[in-house]
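Please look at the chain shown below, and keep its sequence at hand while reading. The paragraphs that follow go from individual side chains to strands, rings and the chain as a whole.

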Amino acid sequence: MNGGGPTNDLYAEELAQSQSQLDAEEVKLRSYHEELKRLGVEFKGSDGLCDFYSVRDGRDVFLCWRLDEPEVLYWHDLDAGFAGRQPLSASRKLHAIED
């Protein structure tokens, strides 16, 4: 077998191009993550889960949103995590977001 022939060069070139594209996408992803942090959003995972600091009934909480949800519908205590999500009541939804 030829270890340094044209076939290997072709694969090396394709691999280098793929790595370059992957690196560029990683830079974009990092910049998006930094932008979210600047906006006060805590990105929680690849499923699009995000938390936003807010105040509810005089205490600090997170508003909680996930990519498939049409709007921010849930909140939880700072240490409760996703499992502690509770629905925002319809009458309090806008007030909680504005706090």
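Is Glu-42 buried, partly exposed or exposed, judged by its relative accessible area? In this predicted model, Glu-42 has a relative accessible area of 26% and is therefore partly exposed, given that the class of buried residues is confined to values under 20%. The side chain of Glu-42 meets that of Lys-44 in a salt bridge, with 2.9 Å from N to O, and Lys-44, for its part, is partly exposed with a relative accessible area of 42%.

A second ion pair involves Asp-77 and Arg-59, whose closest N and O atoms are 3.0 Å apart. This pair links distant parts of the chain, for Asp-77 belongs to strand β4 (residues 74-77) and Arg-59 to strand β3, with their positions 18 residues apart in the sense that they are 18 residues apart. Asp-77 counts as partly exposed at 25% relative accessibility, and Arg-59 likewise counts as partly exposed, at 37%. Returning to the earlier pair, salt bridges that share partners join Glu-42 and Lys-44 with Asp-51 into one network.

A further salt bridge is found in helix α1 (residues 6-38), where Arg-30 and Glu-26 lie 4 residues apart, about one turn of the helix. The closest N and O atoms of Arg-30 and Glu-26 are 3.1 Å apart. Arg-30 counts as partly exposed at 47% relative accessibility, and Glu-26 counts as partly exposed at 42%. The pairs described so far are among the 8 salt bridges that a search of the whole structure finds.

The strands come next. Strand β1 (residues 41-43) pairs with strand β2 (residues 50-56) in the antiparallel sense, over 3 bridges, and within this pairing Phe-43 has Cys-50 of β2 as its bridge partner. The two strands form a hairpin with 6 residues between them, and in the turn Gly-48 has a positive phi of about 85 degrees. On its other pairing, β2 is joined by 7 bridges to strand β3 (residues 59-65), and these two strands run antiparallel. Here Cys-50 stands opposite Trp-65 in β3, so that Cys-50 can be followed from its partner Phe-43 across to Trp-65, a reading that rests on strands counting as paired if at least two bridges are found between them. The hairpin of β2 and β3 has 2 residues between the strands, and Asp-57 in this hairpin takes a positive phi near 50 degrees.

The loop between β1 and β2 also holds Asp-47, which counts as partly exposed at 40% relative accessibility. Which residues is Asp-47 in contact with, once its neighbours within four places in sequence are left aside? The contacts of Asp-47 are then with Arg-66 and Leu-67. For Leu-67, which is 20 residues apart from Asp-47 along the chain, the C-alpha atoms of the two residues are separated by 6.9 Å.

Aromatic rings offer another view of the model. A search of the whole structure finds 1 aromatic pair. Why is this pair, formed by the rings of Tyr-53 and Phe-62, called tilted? The ring centres of Tyr-53 and Phe-62 are 4.6 Å apart and their planes stand at 45 degrees, so the pair is tilted, because planes under 30 degrees apart would count as stacked and those over 60 as edge-to-face. Phe-62 is buried, with a relative accessible area of 4%. A ring also takes part in a contact with a charge, as the charged end of Arg-85 sits over the ring of Tyr-74, 3.9 Å from the centre of that ring.

Finally, consider the chain as a whole. The chain has 2 helices and 5 strands, and along the sequence these follow the pattern α-β-β-β-β-β-α. Of its 99 residues, 22% count as buried. The accessible surface of the chain comes to about 7400 Å², and 56% of this surface belongs to carbon and sulfur atoms. Among the contacts with a separation of 6 or more, 15% are accounted for by residues 24 or more positions apart.

Definitions and conventions:
Residues are numbered from 1 along each chain as its sequence is written. This is a predicted model: local features need pLDDT of at least 70, side-chain atom pairs count only at pLDDT 80 or more; totals for chains, interfaces and linings use all residues. Side-chain values use heavy atoms; hydrogens and water are left out. Buried means under 20% relative accessible area, exposed over 50%, partly exposed in between (1.4 Å probe, protein chains only). Contact means heavy atoms within 4.5 Å. Accessible areas come from the Shrake-Rupley method with a 1.4 Å probe; for residues, only the protein chains shown count as cover. Rings of Phe, Tyr and Trp (its six-membered ring) pair if their centres lie within 6.5 Å; planes under 30 degrees apart count as stacked, over 60 as edge-to-face and the rest as tilted. A charge sits over a ring if NZ of Lys or CZ of Arg is within 6 Å of the ring centre and within 35 degrees of the ring normal. A salt bridge is a side-chain nitrogen of Lys or Arg within 4 Å of a carboxyl oxygen of Asp or Glu.
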